[in-house]
Each structure stands twice: as structure tokens, then as C-alpha cells.
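The exercises below are meant for a reader meeting this structure for the first time. Work through each task before reading the solution that follows.

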Amino acid sequence: MLARMTSSDPRPGNTYPHLFTPLDLGFCTLPNRVLMGSMHTGLEDRARDFGKLAEYFAVRARGGVGLMVTGGFSPNVAGWLKPFSSRLSSHWQAAKHRRITEAVHAAGGRICLQILHAGRYGYHPFSVAPSAIKSPITPFTPRALSGRGVERTIRDFVRCATRARDAGYDGVEIMGSEGYLINQFLAERSNRRNDRWGGSAESRMRLPVQIVQRTREAVGRDFIIIYRLSMLDLVDRAQAWDEIVALAKHVEAAGATLINTGIGWHEARIPTIVTSVPRAAFAWVTRRMKQHVRIPLITTNRINMPEVAESVLARGDADMVSMARPFLADPDWVAKARGGRAALINPCIACNQACLDHVFENKRASCLMNPRACYETELVDTPLVAKKHFAVIGAGPAGLACATTLAQRGHRVTLYEKSSEIGGQFNLARRIPGKEEFNEPLRYWGNLLAETGVDVRLGTHAAAAMLRAQNYDATIVATGVTPRDPRIPGQGHPMVIGYRDAVMGIRPIGRRVAIIGAGGIGFDVAEFLTQPAPSPTTDIARWTREWGVDTSLAQRGGLDKPQVEESPREVWLLQRTAGRPGKRLNKTTGWVHRAALKAKGVHMLGGVTYREIDDAGLHVTIDGEARTLAVDNVIICAGQESNRALADELIAAGVTVHVIGGADVAAELDAKRAIRQATQLATGL
Ligand code: NAP
Ligand code: SF4
């Protein structure tokens, strides 16, 4: 059934009193406690994209966010993230930024430029660092900065801030966390200097303090300086908590307006923002800092919905919350929260698929849930010439995105779904421990269907003859996929279960299980089988223990020994392709899945030939050696094939048909492609 689900109290008015309390910074007042955190979009690197970037920010300013921060701009060439990436050092470059700041101010917003020197994370041969020590995540060994080089770098930071002010920005954020240059100076792991910029903790923190102090002197009092402070490095030979507190006090005294929280270096092996990290999992560390400084503190990481933000503020963990990806997903996040329409917020599910993964692939960022993000001037609705009536078949992500976009444009839409609930493959995903966020898109789409007046027919098989008889202007087929048949001898044995039946709990599963297929779904099923219920991913204390985060802050870097909860099952995750399973998982999340399953003792094997299934178990050959895995169950996760039968029948009957999502391309069954394709189609029909 189609429930009208709410994520929060939908009454208009002051549902989130802490979130909507203005924040007085002395020389300006922010209208609310929401910072749109820095997020590299790929539009920063070339001034010719600044028109698109300006609209991206202006849309979000119109959506009511209090303060925004751009993606990172380097203060000089050595600080580039990659060759010719975003940099602000000249008047000429500053003039180009006017387009962004004027668009934001015209929309009633405020914006800071983030100054980010990549240091040894620079993906180019000119990178510099405190010491010539290569990072584990880049191939280039940096050059150690000389003492004069450090002085020059400070001047470059100050010049960048001054240019930002010339360009009309309301302030800057000095990026001191996530393992970039400033953070590299702060930690022994990357700073082996014995001059005035290294050695003692006091010397290691001289660089950021000097940058803040001299920037304040240069920009005057009425300019926001946010310092992004690494409160938890999550790597070894890093800062001790008392050093971090001392730095915060120095940064405050040096003239920072706000301190933002940074969590984890990029090379850390503890996840900090992926979907399996509990919501607001790191707000506790900002709260520890609060007693030590007087300026407002911003907390961050995995805050995505207003009730989470409100409770963080109400508990007094921080004075502001920073969210970056949630504003890709919904530019009107603030306006909806303020206007009693939080149930219609398009959620960030922390999948990274269209944002961070794109950035790492040198592609423009966008959002799986909102493909218009960063395409505000391109993926636009064509004007409606005549209202039409469309049938959409299938209420998975593709069908839902298509139906709601068509209806928002003013078309009449009838949505058919043969099962009793909307969501398609997301209904499986949301049952996987660590993927609880996938409930939110269903809440969103359920409410949006009602809001836009889509006629939803659940539990209805849409037969070709019926559709033909209804004479729709066009039929959009989003019938999804069917599981691939791996054709293994003996696969009809009762011990064999399809992944859908396994995840939906339709069939009981024994203690020893083999999974055939190690794609995204094979990995999901392995997590499902190895996590004790309830999953620790909704419990911050259990999650931090499991990953080894030291919440007592007694250890340098905040690292502790992981205390992994034992898996209730022994699991084999298998693929035919040689090599370690999981190589094709997404860049920013795949390592988390692999590490989690490794910790649970899952046997991940490649180069497997499936010979037969019988009462003895699964007979395989691995590296030429015949083996029998004496398992209780075999779960098939061998990929998908398009479910095109209805489309083919309608096309043969001469009906106007558009095929989208997995029904169109199953090889890459993937919600990001499905939702983008559906939205693109619906904006043009
Ligand atoms: P998939 O990624 O294509 O993986 C299919 C798996 O089945 C592969 O390991 C493949 O490996 C194996 N396989 C293929 N044909 C087979 C056959 N005839 N017999 C036995 N094994 C066979 O498909 P999926 O796991 O169903 O995932 C589909 C999509 O869902 C993903 O591409 C992803 O976009 C999305 N998804 C992603 C995630 C995630 O990233 N966490 C989670 C869920 C879903 P071999 O050919 O080497 O045996
Ligand atoms: Fe959030 Fe995923 Fe969209 Fe990125 S792509 S903003 S993680 S929903």
C-alpha cells in the first residue's frame, strides 16, 4: 500500500526551533544554523563553467541556506589538487568570481570561498609538503617546503583570501583538515621537520595560526573566516586531543569567526561519510570542543535530515550544522524544513555514486537522487505545450522519477506497479544493514506522488491490451530487471535461494552460506548475512567500537583497536573472474564494503568455476583444485537481465513506448543512470 510517510512533524511553524535561530557573528547575522559545506563539483576548475556554478549556488541561496562554502580553491600552483585545477591568486581570476558572488547575493545568500592547499595530496609532480613523504593515496612524492617556501605559502593563503574579498565573497574557509597541507604540518606522520615549523606541537601548529592571524589582519574585521579544524585525524602518528584543543584556542585568538569540524584524513581506513556511518556519528567530538572555545562551532558528517540537525543543535553539540551532499540532493532543503514540508525533502542517501565518485573520476559531480544538481542550466523542463496523459509502468527508481517529474510539469500520470509497494530494487537495498538510508527515497517519492497528484495503481499488473485500450499519449516502461539464470547443474536443489527471497526473509538461511556472484548485490547479501541484528550502523557507540574510533580521545588520531562483533554465519563470496572480488565496486565506497566483510571473516574468492550443487554443498574448482563447500544454502546473485517483455509487446502493437531504467539497460542496473534517464525523458515529453 502507498502510505503517506513523514520523516518529521509536518506542521508549519517552528518545528525546528534551534535550526532556525539566527546566529549573530558580530558584524552580520546568519538567518539559520545551516552551513552548506564545501563540495567540489568539477565546475570550479575552468572559469568558463562559472555561469553554471553561479546558478548552482544561486538556486541553493534561494532555497534559504544561511551560508555556503565553495569547493576548494588553491592559493598557488603547488597547492593544486590536480594539474590546472581550481586556483585563486590573481586579480584576473578574482574578477571571474564576481559572477558567482553577485548571483548568490542577488538571491539573498552569503558565500565563502574555501582555500585548500592539497600539499602531498596534490595529484601532480609539483606538490609540496612539510616533509618529502609520499601519501599512501597519491603516486607523487612531494617536495619538502623550505623555510622561505613556508613563508611564501602563508603569503599565498593571505593573498587568496584578499582576492576572495575583492571578488565579493562574504568570507573564506581555511581548509585545515582531511589530511591536506595544513593538517600535514600538524601531524608527526607527515611533518618530520626540526625548524620552527616542526618538532614540537607548538611549532607544528605555527603554520595554521599564522595563516589565520595574517589573513585576519589583511581582510579586516567584517569578513568571515571559518577554520576547518581536524578534530579527529583517524590515522596513526597524528595529533593528540590536547594539541587539537590548543590549536582551536590559538585559531580563535588569531581571529577566526567560526570553527568547522573536520573528521578523518583521506588516507584514513575508517569510513566517515558513507551511508553505513550512523547519522551524526561524529557530533560528539565537536561537543567535546565546545567547552574550550567561545566562537561558534560547526559540526558535520552524516547529517542529512532536519530532525537530525535539530537534535544535534538541541543537545548543544554545536552551534551550526554543516551539510554538503544534502544540498546536492535538494536545493530547497532549508525552505522545506522551515515551511513544514520536511516530508518532501529529497534525501541524500550518502551513496557517493554521483558526487564524490564522479569527482574522483574527473567527472562533474551531480546527485543520484537529483540529476539536476550541477546541471541547473542544462537539465531543465521544456515548456508545456499541451497537457498529456502518460502511463508509467513500474514504480522502481526510474518509474518514480519519471512519474513525479512528468506530474510536476503538469501532465496527467497513471503509475502502475504490480507489487504492493513502491520502490523496486530500493526495497531490497533498505533491508541491508548499513543501507537504512534507502528508506528515505521511498518516503520522499511516496509523498511526492501524493503531492503531484499521480494516480498510483499498486498491486496492478499492466497488461498490453489494457494499456492499448486506455489510449495514453505514451507509455513509459520501467519494468526493471529479472535475476540472471546462472545455469549451474543442481541449482534447483532446495538449498538454493534467489537473492530477493533471501533479503526479503521469505526463506530461512543456515549458518554456512555460499554466494554466487560478487557484484553490488552479492556484497549487499554478504553484509546482510554477517551483521548481527540489529545492525550497529544505527547505533553510534556500537559502530565506533566496531571500526576502532577512540571516543575517550586518549589516543593520538582517535584510533582504537576495532572490536568486531562476530558474524552469525560463515560466508563464501564467489566470482568466476580471477582476482579479489569487489574491485569493480565504486571508488569511494568499495573499500568500506571489502574491509567490513574482511573483518567478518568472509571468504572472498575469485577464479571460481561452479560445477554442481547437491546435498553435499557447492562443488567448485578454484585455481585448478576441486573443492566442495559444505554449505547449508547457496544464494544466487549472478546479475540481472532486462525485463522488456511488456515493452516489446507494446511496440509490436504500435503503441508509443519509452523504455527506461533496468528495463532498458540491465548490464549496468544502477539507480543513478535510471533516475537521470527518467528525469531527462520526463523534462522533454
Ligand atoms: P553485477 O554487479 O553485474 O554482478 C554480477 C555478479 O554475478 C558478478 O560478480 C559476476 O561475476 C557474476 N555473474 C555474472 N554472470 C554470471 C553467471 N552466468 N553465472 C554466475 N555468476 C555470474 O550485478 P549485481 O550484483 O546484481 O548488481 C547490479 C547493480 O546494482 C550494480 O552494478 C550496481 O550498480 C547496483 N548495486 C550496487 C551496489 C553497491 O555498489 N553497493 C549494491 C547493490 C546494487 P563473474 O562474472 O566474475 O562470475
Ligand atoms: Fe547524496 Fe548520493 Fe546524491 Fe551524493 S549522489 S549527494 S551521496 S544521494
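**Exercise 1: the surroundings of ligand 2**

In this predicted model, ligand 2 sits in the largest cavity. Determine which residues are around ligand 2 and how the shell divides by class.

Solution. Begin by listing the residues around ligand 2, which are Arg325, Leu328, Cys348, Ile349, Ala350, Cys351, Asn352, Ala354, Cys355, Cys367 and Leu368. Then sort the shell by class, which gives nine nonpolar residues, one polar residue and one charged residue.

**Exercise 2: helices α13 and α15**

Describe how helix α13 (residues 397-409) is placed against helix α15 (residues 439-452).

Solution. The axes of α13 and α15 come within 9 Å and cross at roughly 30°. Angles under 35 degrees count as roughly parallel, and therefore α13 is roughly parallel to α15. As a last step, the handedness of the crossing of α13 and α15 is left-handed.

**Exercise 3: helices α1 and α2**

Do the same for helix α1 (residues 50-62) and helix α2 (residues 91-106).

Solution. The axes of α1 and α2 lie 8 Å apart, and the two helices pack at an angle of about 20°, which means that α1 is roughly parallel to α2. Finally, α1 passes α2 in a right-handed crossing.

Conventions
Residues numbered from 1 in each chain as written. Chains lettered and ligands numbered in written order. Predicted model: local features only at pLDDT ≥ 70, side-chain atom pairs only at ≥ 80, totals over all residues. Heavy atoms only, no water. Near = heavy atom within 4 Å. 1 Å grid on protein atoms, 1.4 Å probe; cavity = no way out; pocket = protein on both sides within 12 Å on 5 of 7 lines; lining within 4 Å. Sits in = over half its atoms within 2 Å of the grid points. Nonpolar A, V, L, I, M, F, W, Y, C, P; charged D, E, K, R; others polar. Axes fitted to C-alpha atoms, helices over the stretch in contact; angles between N-to-C directions. Helix = DSSP H or I, 4+ residues; strand = E, 2+ residues; numbered from the N terminus. Parallel < 35°, antiparallel > 145°, perpendicular 65-115°, else oblique. Left-handed = near helix turned anticlockwise from the far one by under 90°.
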